[in-house]
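Here are my comments on the model you sent, set out as numbered points. I begin with overall form and end with the contact between the chains.

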Amino acid sequence: MVDIKRLPLRVLKPLSVTIRYLFQKPFTVMYPREKLNVSPNYRGIIYLDIEKCIGCGMCARACPNETIEYITKEEDFMTINLNDKKNLKFRRPAIDFGHCMFCALCIEACPTGSLQRHMDYEWHVKNRIEMILLPEELNRLKKYTLREKVERLLDTTLIPKGVGDVFEEEFMKLVNDWRALRNALFAGTITEDEFMKKKEVIIDKAMEIISKLGKGVVFE
Amino acid sequence: MSVVNDIYNSVVSQIWAFIIYVLDVIFTLFNLPSWLYDYAIILVKIIILFVLFLVDLLFIVWFERKLLGRFHNRRSVTETGPAGFLQNIADVLKLLVKEDITPKNAKKWIFELAPALLMFILFIPLAVIPFAPGYWLARIPTSLIFVFAVSTIAPSLVLLAGWSSGNKYSMIGGFRAAAQLVAYEVPLALSVLGVIILSGSLDLVEIASMQSNIWFILLQPLGFIAYLISTNVEFERMPFDLPEAESELVVGWRTEYSSIKFGLTMGVEYLHLFVGAALITILYLGGWYGPDFLPPIVWFIIKLHLVILIFVWIRISFPRARIDQVIRLGWRYLIPLSVLNIIITILIAPYIAPFIRGV
């Protein structure tokens, strides 16, 4: 039932509110041209100071989304076997930002302050593998090609888990092949030349799967 | 007479003389019969009105979007063209290239015809709306009744469109359009009765020219309020847009329409807006009368767009009413209000008659 006494107020009040807005300056921030200042405790993109990192493994344990896995540095690639308990201090984090929720728990867990919080929030990539960053790339100074990246990331399960799509099983088989190859290399059962040849084959297969990613699959 | 007025008059008479000259040349060249001449002139007038109306429609759509934004304290369209003016053209192009879908359950013929017919019906009132002295396509002695009669057909076409879509939401939207029409046809006519009593005519030209001295909004405030609300309901404007009610019925009667047919249904909305604003300008805001320094047509256009601003203001300020509230508002409050307005008008008419002067 309409309350007649209050009707003029109920009609005039919304009208007065909207007409006042008409003469105010709009609140819109014209984004690419204008930017808001983010708060000082904003949790943006994560950086890594690779020199400070001691390979303690706390960040991967802290990560609720399991986006962090460990690989070696580029110069240790052929020599360091991470499966060996003695070599744990050589591991460095690779982070899949496609699954990261920027909770910054890894930064809290880091004992040396090598993982750092930055206030950037702008980042664009062309495919989901580019969102997985190698430890050298984590300070945004170096950039690897897709093939180099895949070569390093085959030590981890980040690609099949993060961007595997319907090819996850196929890719996991490749990762297992790769592990066997690496173990053979470190055990000394194959030479470095043989390793290089077999490596190329596996990476070619991996690139073939990656080229199919995101294209969609026709199920018969 | 001012400078602007003189320039306007000379330019318009030059253009009109040129058009007449071209017509004469065509008629002498092809040896056309002389009885065709009147029809040719009417056709030229129709084309001019149509083109100018389409240009204004582009402006109105942009104007409404921009105003909606500013009433919300945001910026609305900004990127396409200067101040986002070309956004409407982009939207129409997008609608044109979209897939045209007819649902399986639809009654095909009616479904396809309804939006076009709706558009056609709503163009008819433009024929009798006077924009300035001499600026009309047709002058008939009962043009007000004619406009009401024609715009009454629209909701029944909405009902047809909703029914033929074969969708429950469309159908409910159509029913609501019919219910609103039945409830609000009465207050609409009754509230306009005051104006008819004061001006003593059903001719829109006559009604507008009676307001050279004083606008009817000052003599008919109650009638104006009743008429404004009734127009909003009749033309399905926002607080009373129950036939489309996004929060309840998807988009109501236009749910199943896609591609340019949806574009036509949106065009219907802006046609409603234009016709409703033009009628309010003529009936209550003194038509083309204003200070002398601008030509009458310019005053009419300025007033029309101010009325559109008021429509948008009402649209943005109120939440959508429930269907029973809308119907109750019509029967219980607006009809008594407009009857009261008629009684008051009849009582005071002899005393205010000296102020009302025709030209």
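1. Chain A has a radius of gyration of 25 Å, whereas a compact globule of 220 residues would have one near 17 Å. Please keep in mind while reading on that this is a predicted model. Along the principal axes, the C-alpha atoms of chain A fill a box of roughly 95 × 55 × 35 Å.

2. As to secondary structure, chain A holds 7 helices and 5 strands, and their order along the sequence is α-β-α-β-β-α-β-β-α-α-α-α.

3. On packing, 38% of the 220 residues in chain A are buried. If one takes the contacts in chain A between residues at least 6 apart in sequence, 71% of them join residues at least 24 apart.

4. The surface that chain A exposes comes to about 13,800 Å², and carbon and sulfur atoms supply 56% of that area. With regard to charge, chain A carries 36 positive and 32 negative charges, and the mean positions of these two sets lie 9 Å apart.

5. How many residues does each chain bring to the contact? Chain A gives 18 residues and chain B gives 16 residues. The size of an interface is often given as the accessible area lost when the parts come together. Here the area buried between chain A and chain B is about 1,700 Å², with 61% of it coming from carbon and sulfur atoms. Of the area that chain A buries against chain B, A:Leu15, A:Leu22 and A:Pro26 supply 30%, which is more than any other three residues.

Notes:
Residues numbered from 1 in each chain as written. Chains lettered and ligands numbered in written order. Predicted model: local features only at pLDDT ≥ 70, side-chain atom pairs only at ≥ 80, totals over all residues. Heavy atoms only, no water. Helix = DSSP H or I, 4+ residues; strand = E, 2+ residues; numbered from the N terminus. Rg over C-alpha atoms; globule rule 2.2 N^0.38 Å. Buried < 20%, exposed > 50% of the residue type's maximum accessible area, 1.4 Å probe, protein only. Contact = heavy atoms within 4.5 Å. Areas by Shrake-Rupley, 256 points an atom, 1.4 Å probe, with all protein chains shown as cover. Lys, Arg positive; Asp, Glu negative; His and termini not counted. Charge placed at Lys NZ, Arg CZ, Asp CG, Glu CD. Buried area = accessible area lost by both parts, 1.4 Å probe.
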